[in-house]
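Colleague: Please pick one part of this chain and take me through it closely. I would like to know what covers it and what it pairs with.

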Amino acid sequence: PGGARVRFVQREAILELLKQTVPGEEEDDDPVPRWPDEIAHFAALAIDRIDALHHKASKELLYWQPLAGAERLDYMALEDQKLFVIDNAMGMSVSGPLPEGVEERYYFDGQTVLRAGVPGDCLILVLRGEVEALVPKGCNGQCLPRQYEASVTDGSSWLGDGRCPSPAPKVEVDETNPQEAPEMLHTLDRLKEELAISKGAHEVAFVHLVRPTDLKRATRKLTAAAEAGKLDLSDQKTTDWRWSWDDPRALQVIDILAAHKLLSQHGEEKGEKVRLHQHPPKPPPPPLPQAVLGSGTMIGHLALLGVPIVLSGVVRAKGPVHLVVLHRHVLLEALKDSPERQLFVPNGVTPDDWVDVLSTYVPRKGDPGLRPAHLGPNTGPPKHMKEDENAVPAGTYAAWARPDEKYEGVPGSDALEHVLLDAIKGYSLIWDLIHDAPPRLLRDLVRQFEPRWLLPNEIVIVDEEPDADFLFVVIHGNFVVSLEGAEIDHIGQGAIQGAAQLLTLNDWTRTVRVDPTNKGEAMIQVLKRSKLVEILAGHPEPKSRLRKTEELLRDAKQADWRLLRHIPAFDSCATRPFLARLFKDADIRLFCPGDFLAEADEPAPSMIVVLAGQLRGEQAQTLFYVDLKRGDWCFQNNILGIEPTRPHDLVAKTHTMVMVMYRHTLLNAVVAHPSARDAVLENETWRLDESVPKLESLRLFEGVPAAVLARLEKESAPRYCKAGSIILAAGSHVEEDMLLFILRGEVSCRILGLETRRLGVGQVIGVHRYLGLDCEPSNADIVATCPCDIMCVRRETMLEALEEEKYEDDLAPFKNSARVLGGGDILDAFGFPIGGGAKFTPDCIEKSEILGACSEQFVAQIPQLVEEYALWPGEKLFSQGDDGDFMFFIKAGRVRLEVLGRKKHEMVKGGATIGDMACLEQVPCHTETAIAETNVWVRALHRGPLKR
């Protein structure tokens, strides 16, 4: 308010300063930069990363699309708004300027981007850099401790101001002048007095460590140790020996007495306390951020709707970050004359509205309305409860604007509240308790639900997490459900999880987290068991219904591995350790009457065993059905991989607890218990099909003896991956350097989210590391596009075979491949080096002439975009006339280039770049054919990530 004095420096001045050079160390050396550290510092602050977005991407803030794939509302296309425009008069559509109405901010490493405990008031989009969300205390394994009520209510923004926290001012006190700060000196004296008392209490008295009958003997032992120079007793003037807890000699005394078994029980306890005091355990490191969000991430969609979103963990910059911001008040101002403004202004859903919605009649099993009276009572299963697959998610523009939609004309925030009410009504477990409850109970029930807001990849609940008896409803966003490290399901708006845990019938057997690809924050509503029991305490009838449901399913708590002994698939390997492992890794779930557990022709790699209650298996096109009770099972062929889809429907007839065993957990148990391997895999009859490839078909194993191949196959680890699951994440190696051999299915290789290629049946992943080559971690996410069965071939088995002399000649081709790909000599048929030699070029990208005119910062990031290929002699990289999707940097080996009509072929080796003209679109297609002359290691760069 009083004005400010500002000093600034122009960018040109800094650039000129950084260009300064000094002479090199030697007289003939080129000049070197004068400020190398400063140059590196400013280069890092520029965030010139390969995944960075330009200013043009900030236009994403001016679309309302809170969920991927939802219909967009383009603010700039609205006739009645004039604020949001892009002034592109100078043709800078890429580098700037920003759209009007959008703000940009820059944060340095560690600075707060979004504040915890502050209601959200804007939407941010990360253009460059990364942000990370700190995990609040106690939230590493579950979301219950997360803060959901605002702790700051002064109207300030949740957006960090970019300031570094300043240290607390140091208060200097003149202790010689009591008049200056008497209160502080009094406090200091009191602390000193308390400290002295504490020291007196924390002393180790020798006589308290031993039994009275052993006192003389203990004295002799300590005296002998002192005479031997192992203990210093020089300051002990009396026989009442004492040491401070901080004195190292106290621990020496305790150790001496313990060695001679002279410590009393009290002495042992005291000794442990002293040891812990002098050598306290290191505090556990803080949990790593679960949400590390890069370019393109958006946070705050719900804040624009007026949802009182509160993050419980600080979101801070991980390195320098450049982001753009759309404030809610700016959006409302821009849309003040547009009817679309109603979408972002909540009317509020009152407790009376809760009662009106929850009081609406919902048909239940046995109700006359479900069956004509002349047909008699309804004795069959209840009406099937299936989600409407075509329903438009609440909070989206389509849900608000489309006629006849459930939430037509309902503001987004209000629609999300209705999602909770609809979930309560549609979920039999809760609805059966309250369908005829008085309004007071209905209001109390809704009030007990607590919101939680989470960012992509943050945890809702971890498998086997204790003290987690709660149920949650997905209100907004998409979530991934995983079991034993593999994805088993994706759930979205309206889904309910945790019914068995709410009834304390079972611990959590699945891990649920926000989908890493979710477009921003997600929201759930949580109901704790303690809250449910509390509100039902004054209502005998609902309380009795809850107790009856728990008793009906109580048998599920007594179930164990013995239920699996009579399943034919496990009959010949029904050992306790194997079946106990299967039972431990299974997913235990509760289903309500009418819930679908399976639908005919639905892909599913699991089988189901009934623990309590009743199910009904139905053929949709016939009247045939089978009722299943405790101990019954179905879908054995699904878990064995023989049938990819469900053969019939499966519907819950009553409240039912089931155990779902997944194919990947079965194969994990097979690996952990090799004695069960043959029995289980022999039942997987699909492995005998001629279309399933064999190891001997791989060029990698040419000449490998049949005995070695048989051992490789026998000691391999079978693996199953469902469609959409990540087989190998970017930045990682295959575990134990195994070779992944695809037996069924197909995978997609993706860099920066862009698909570069697909691998199918008979192809492998991880060949370089399997050969023992020093290969960088994968830059690509390798994702299953359909269900995949993979054989994981162990490297240790091949290493053991290489050490056996009897296989030396047979395994020579394998050794030769590893040598050539590693840059060793290329040998002829007689074992002599071929003329021209070999050339190994690890920096084939950095030294490529194609990138010679590019900046060092740009070239340094290209290795992050390449894939590593290994080829055998005669294999083609590309053919003349093919599309130029890739360019290849040759790291080792030799490649022959052929052109139709040209008699003499060109030979290139390590350090060369081929395919670049077509990849850079200088020519319409490849103008030559590239064939591996020897084993070749190339680094492939796809056109898509390069353009990005």
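**A close look at strand 7**

Modeller: Of the chain's 948 residues, 47% count as buried (under 20% relative accessible area; exposed is over 50%, partly exposed in between; 1.4 Å probe, protein chains only). The model is predicted, so local features need pLDDT of at least 70 and side-chain atom pairs pLDDT 80 or more, while totals for chains, interfaces and linings use all residues. Numbering starts from 1 along each chain as its sequence is written, and side-chain values use heavy atoms, leaving out hydrogens and water.

Start with the setting. The C-alpha atoms fill a box of roughly 105 × 95 × 80 Å along the principal axes. The chain holds 27 helices and 44 strands (DSSP runs, numbered from the N terminus; helices are H or I with at least four residues, strands E with at least two).

Now the part itself. Strand 7 spans residues 122-133. Ten of its twelve residues are buried, so the strand is mostly covered.

Next, its pairings (at least two DSSP bridges between two strands). Take strand 12, residues 315-327. Ten bridges join strand 12 to strand 7, and the two run antiparallel. Here alanine 133 of strand 7 faces valine 315 of strand 12.

Strand 10 covers residues 291-293. It pairs with strand 7 over three bridges, again in the antiparallel sense. Glutamate 132 stands opposite valine 292 in strand 10.

Strand 11 is made of residues 298-299. Two bridges link strand 11 to strand 7, also antiparallel. Leucine 125 sits opposite methionine 298 of strand 11.

For another covered element, look at helix 19, residues 663-672. Seven of its ten residues are buried. They are Arg663, His664, Thr665, Leu666, Leu667, Ala669 and Val670. The list includes the charged-type name Arg663 as well as Leu666.

Then set exposed positions beside these. Lysine 216 belongs to helix 4, residues 215-227. Its relative accessible area is 68%, so lysine 216 counts as exposed. Glutamate 27 lies in the loop between strand 1 (21-22) and strand 2 (32-33). At 79% relative accessibility, glutamate 27 is exposed too.

To recap, strand 7 has ten buried residues out of twelve. Ten bridges tie strand 7 to strand 12, three to strand 10 and two to strand 11.
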